[in-house]
Amino acid sequence: MRKLLGYILSAIHYVVFGAWLGIFQPIQWLCYRLGGYAPHKRSVDVLNGLLTSTYYLLGNRVTFTNRQDLPVDRPIIFIANHQSMYDIPPLIYFLRKYHAKFISKIELTKGIPSISYNLKVGGGANIDRKEPRQAIMELSKLGVRMKENKWSTVIFPEGTRSKDGHMRPFQTAGIATILKKCPDALLVPVVINNAWKMVRYGIYPLSTFEHLTFEVLPPVEPAGRPIDELVTEVQQAIEKKIVFSK
């Protein structure tokens, strides 16, 4: 039944999702050109709130839980498991007060309304996976911006999306590079459940009546500890909260 409804509701979802991207392309451009970072960020926050709302057109729900008293005047590295592209709009919207930036493939900086423009001017890192040196430089620059502006970032250390909710081993290189330039950053695990179910049949149809959950877990203080030890602690914290269900 979910798949059958998906054929109908996915079309509606994609039309509305695409419409918001198209509408906010000139809005973002104007905000950035006329006001710079702050108004542009507000436009991106609103856009991602609206993009998240399109999940409800499929009968899906989103619950974001943050019981942690996290600082807003200190850089944070949010470390999350990665289940689908539908992870990203809720993370941008619900973590908006922390100025969370993303690490993206450089290919995404072209051809996608709103998304490509934001990636170019929003302050994140756009990396070329075929050029390790370029990737390290971009991550280092992000770390510097985080330190100077008290921004945060969201990183998916698995390196790719999980197709069934099971986590892959976390990679340490990206986190280590950012910490070198921004040693005061706080590490904060975020566990994502059921986002993979939205795309269990692929990009069409999307699944319906799923409950996507996001939970911010207790922070981990780096305090000069070895990076492998820190990442292992974060990974284990997330793994304990992963829910496996059909």
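## Strands and their partners

Two strands count as paired when DSSP finds at least two bridges between them. With that in hand, let's look around this predicted model, starting at strand E7, which covers residues 211–216.

On one side, E7 pairs with strand E6 (residues 186–193) in the antiparallel sense, over four bridges. Here Ile192 stands opposite Phe214 of E7. E7 also pairs with strand E1 (residues 61–66): these two run parallel and are joined by six bridges. In that pairing, Thr63 stands opposite Thr213 of E7.

## Two faces of E7

In a regular strand, side chains alternate between the two faces of the sheet. Strand E7 has a covered face made of Leu212, Phe214 and Val216. Its uncovered face carries His211, Thr213 and Glu215. So Phe214, the residue opposite Ile192, belongs to the covered face, while Thr213, opposite Thr63, belongs to the uncovered one.

## A nonpolar patch on the surface

If you turn to the surface, you will find a nonpolar patch of about 870 Å². Its members are Met1, Leu4, Tyr7, Ile8, Ile12, Leu57, Ile203 and Tyr204. One of them, Leu4, is found in helix H1, which spans residues 2–35. Leu4 counts as exposed because its relative accessible area is 56%, and the cut-off for exposed is over 50%.

## Cysteines

For anyone thinking about thiols, the structure holds zero disulfides. Is Cys182 buried or exposed? Cys182 is buried, with a relative accessible area of 1%. Cys31, by contrast, is partly exposed at 21%, since buried means under 20%.

Conventions: Residues are numbered from 1 along each chain as its sequence is written. This is a predicted model: local features need pLDDT of at least 70, side-chain atom pairs count only at pLDDT 80 or more; totals for chains, interfaces and linings use all residues. Side-chain values use heavy atoms; hydrogens and water are left out. Patches are made of residues with over 30% relative accessible area and no salt bridge: like charges are joined within 9 Å, nonpolar side chains (Val, Leu, Ile, Met, Phe, Trp, Tyr) within 5 Å. Accessible areas come from the Shrake-Rupley method with a 1.4 Å probe; for residues, only the protein chains shown count as cover. A salt bridge is a side-chain nitrogen of Lys or Arg within 4 Å of a carboxyl oxygen of Asp or Glu. Buried means under 20% relative accessible area, exposed over 50%, partly exposed in between (1.4 Å probe, protein chains only). A disulfide is a pair of cysteine sulfur atoms within 2.5 Å.
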